[in-house]
Amino acid sequence: ASGSPAPETPGVRSAVGAASVRRRRRIPLVWLVPFLTALIAGWLAWDAFSKRGPVITVSFDTAAGLTAGQSQLKYRNVVMGTVKTITIPPDLSKVLVTIETVKEAEPLLTDKTIFWVVKPQLFAGNISGLETILSGSYIGMRPSSEAGVAKRDFVGQEDPPILQASVKGTTFRLDTNRLGSISLGAPIFFRDIEVGTVLGWDLHDLASRVAIHAFVRAPFDRYVRNDTNFWNASGLSVSLGANGVNIEMESLRAILLGGIAFDTAHDSTAPISPAGQRFKLYANIEEAKSAGFGHQIKLISYFPGSVAGVAVGSEVRFHGLKIGEVTNVGLVYDPKQDRVVAPIHYRVEAGRVSNLAKAQGMEPINVAEEMIKRGLRATLQAPSLISPQKIISLEVVPGATPGDL
């Protein structure tokens, strides 16, 4: 019949099966943009956090020239941080500057680190900070080469440090009764060459004397020996001699700021002075020259009669040449003699007769003892008929009885 199904062929099956369709879910490309953005932002945040150093606070008297978010902290012109905030404490005594530093600055932040505001100014005779005219003021820092304790709160200085930490040299102490015109940053000269600077001073013995911190940079510090003389080189030195008026000055800075000079004998055999060695600061070059170099013999003489005309600074001569000066004149009661005497204290510069000491193979003090045994005596003389001032003249008196030093 036409409506009946067709018979299947034996041994043959249909090779066409039912096909199933599966749809894969794809991430839209538009979502890659925020993903990459978040990834980059996270990396930048981690990078910034890893490079971030400690937050420090520096107090100043004024914040002139500093701007929050703009002013920088620098060391050797390398940026070490940025000023974040500038605030005033409740007591209104100062200005607190908060600085966010970089990681490289962390080992430099110790109790020996110094901070100051770099701006155009004239300090210690030098003009500094001219580069800030265009870039604006910034905070300078000077870490110390010495080990220190980590610190986060600092007190800034109003003036820049006189020396950078990398300057090599030696600091000596100069004792004087008066500071005079010597100021902070005053230059130090050696044979007309500026070789150092004054770092500051201390008051000692109830302000009866001043100890000046004198820094001499290398290699000139090796010329400072134990017999070196320092003197005040401030201002002008005017003298009248056979050749007319002689005017001397070290430099214009020495006139404005004061100055110190030193010298050492070219044949000095004294050891090189260590750091902290104390020296006397003479009032001028004449006083330093009269003090001489090397060992000095301090003597006391008692003269019969009046000692009028002898004063501190009076010359001591031998063969008409100055070899020392009087250091003190006064009255003392002598209980052994039961009377008041006038001892005169004076010093003799052994360096002026050093060849004699070398020839005898003895120390200068032993040479003096031997010469006194041979008749060396001290006498008072008036070198001028016009001036009442007297000097001490050392002379060998023929036939004098042997004396003791």
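**Salt bridges, a mixed sheet and a nonpolar surface patch**

With a relative accessibility of 51%, Glu 146 is classed as exposed (buried means under 20% relative accessible area, exposed over 50%, and partly exposed in between, with a 1.4 Å probe and protein chains only). The model is predicted, so local features require pLDDT of at least 70 and side-chain atom pairs pLDDT 80 or more, whereas totals for chains, interfaces and linings use all residues. Residues are numbered from 1 along each chain as its sequence is written, and side-chain values rest on heavy atoms, without hydrogens or water.

Glu 146 forms a salt bridge with the side chain of Lys 112, at 3.9 Å from N to O (a salt bridge is a side-chain nitrogen of Lys or Arg within 4 Å of a carboxyl oxygen of Asp or Glu). Lys 112 belongs to the loop between β4 (95–102) and β5 (114–118), and Glu 146 to the loop between β8 (138–142) and β9 (153–155); the pair therefore ties together parts that are 34 residues apart in sequence. Strands (E, at least two residues) and helices (H or I, at least four) are DSSP runs numbered from the N terminus. Unlike the exposed Glu 146, Lys 112 is partly exposed, with a relative accessible area of 34%.

The count of salt bridges comes to 10. Another of these contacts joins Asp 202 and Arg 173, with an N to O distance of 3.8 Å. Since Asp 202 lies in strand β12 (residues 193–204) and Arg 173 in strand β10 (residues 169–176), this pair ties together parts that are 29 residues apart in sequence. Asp 202 is partly exposed at 30% relative accessibility, whereas Arg 173 is buried at 17%. The side chains of Arg 374 and Glu 370 also meet in a salt bridge, at 3.1 Å from N to O. Here Arg 374 is exposed, with a relative accessibility of 56%, and Glu 370 is partly exposed, with a relative accessible area of 30%. In addition, a network of salt bridges links Asp 175, Arg 209 and Arg 278.

An open sheet of mixed pairing is formed by 6 strands in the order β19-β24-β21-β20-β26-β25. The edges are occupied by β19 and β25 (376–381), each of which has a single partner strand, so one side of each is left without a neighbour in the sheet. On average, and with direction ignored, neighbouring strands of this sheet are turned by 30° against each other. Two strands pair if DSSP finds at least two bridges between them.

The partner of β19 considered here is strand β24 (residues 343–349), with which β19 pairs in the antiparallel sense over 7 bridges. Within this pairing, Tyr 302 has Pro 343 of β24 as its bridge partner. Strand β19 (residues 296–302) has a covered face of Ile 297, Leu 299 and Ser 301; its uncovered face consists of Gln 296, Lys 298, Ile 300 and Tyr 302. Strand β20 (residues 315–318) runs parallel to strand β26 (residues 391–396), and 3 bridges join the two. In β26, Leu 394 is the bridge partner of Phe 318.

Leu 32, Phe 35, Leu 36 and Leu 39 make a nonpolar surface patch of about 420 Å². Patches are made of residues with over 30% relative accessible area and no salt bridge; like charges are joined within 9 Å, and nonpolar side chains (Val, Leu, Ile, Met, Phe, Trp, Tyr) within 5 Å. Leu 32 lies in helix α1 (residues 32–50) and is partly exposed, at 42% relative accessibility.

Notes. Areas by Shrake-Rupley, 256 points an atom, 1.4 Å probe, with all protein chains shown as cover. Axes fitted to C-alpha atoms, helices over the stretch in contact; angles between N-to-C directions.
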